[in-house]
Amino acid sequence: IYILAKRMGYTEIIENAGGIIVTGICVMGFPYGQLETPATTGATNSAKAASYQARSGIKIQYGSFEDCINAAITGKWER
């Protein structure tokens, strides 16, 4: 999926909006506090990931895939 998204230009759009795309990592191991600008909010379309990420101490937004992509592009959670 990542390679297809990159070819279609989606990863560039998300990254230019300040989003971070990761692959091959468990959400429990994501280094939120080690980011250049530490994250305070995350978004996911996975209830399991939301449950795990809630333990990280950041605010978690849970919604559809489209909700997450729109938030990554606009920087705003619309729900």
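Contact here means heavy atoms within 4.5 Å, and that idea will guide us around this predicted model.

**First stop: helix α4**

Select residues 65-74, which make up helix α4. Which residues of this helix are buried? They are D67, C68 and A71. Because these three cover an arc of only 95° around the axis, they sit on the same side of α4. Now turn the helix around: F65 and E66 are exposed on the other side. To see what the buried residues pack against, add β1 (41-44) to your selection. Before leaving, step past the end of the helix to G75, which follows α4 and has a positive phi, near 80°.

**Second stop: the nonpolar core**

Next, select F30, Y32, L35, A50, I58 and I60. These six residues form the largest nonpolar core. Pick out I60 from this group and look at what surrounds it. Setting aside neighbours within four places in sequence, I60 is in contact with G42, T44, A50, Q53 and A54. One of these, A50, is itself a member of the core.

**Third stop: Q53**

Q53 came up as a contact of I60, so let us go there; its place is in helix α3, residues 47-54. Is Q53 buried or exposed? It counts as buried, because its relative accessibility is 8% and the cut-off for buried is under 20%. Apart from neighbours within four places in sequence, Q53 is in contact with V27, Y32, T44, I58 and I60. Among these, Y32, I58 and I60 belong to the core you have just visited.

**Fourth stop: V27**

Follow the contact from Q53 to V27, a residue in the loop between α2 and β1. With a relative accessible area of 28%, V27 is partly exposed. Leaving out its neighbours within four places in sequence, you will find V27 in contact with A49, Y52 and Q53. Try a distance as well: from C-alpha to C-alpha, V27 and R55 are 10 Å apart in space, while 28 residues separate them in sequence.

**Last stop: a patch on the surface**

Finally, switch on a surface view and select L4, M8, Y10, I13 and I73. Together they form a nonpolar patch with about 480 Å² of accessible area. One of its members, M8, lies in the loop between α1 (2-7) and α2 (10-16). At 47% relative accessibility, M8 counts as partly exposed. Another member, I73, takes you back to where the tour began, since helix α4 spans residues 65-74.

Technical notes: Residues are numbered from 1 along each chain as its sequence is written. This is a predicted model: local features need pLDDT of at least 70, side-chain atom pairs count only at pLDDT 80 or more; totals for chains, interfaces and linings use all residues. Side-chain values use heavy atoms; hydrogens and water are left out. A nonpolar core is a set of buried Ala, Val, Leu, Ile, Met, Phe, Trp, Tyr and Cys residues joined through side-chain atoms within 4.5 Å. Buried means under 20% relative accessible area, exposed over 50%, partly exposed in between (1.4 Å probe, protein chains only). Patches are made of residues with over 30% relative accessible area and no salt bridge: like charges are joined within 9 Å, nonpolar side chains (Val, Leu, Ile, Met, Phe, Trp, Tyr) within 5 Å. Accessible areas come from the Shrake-Rupley method with a 1.4 Å probe; for residues, only the protein chains shown count as cover. A salt bridge is a side-chain nitrogen of Lys or Arg within 4 Å of a carboxyl oxygen of Asp or Glu. Helices (H or I, at least four residues) and strands (E, at least two) are DSSP runs, numbered from the N terminus. The arc is that of the directions from the helix axis to the C-beta atoms.
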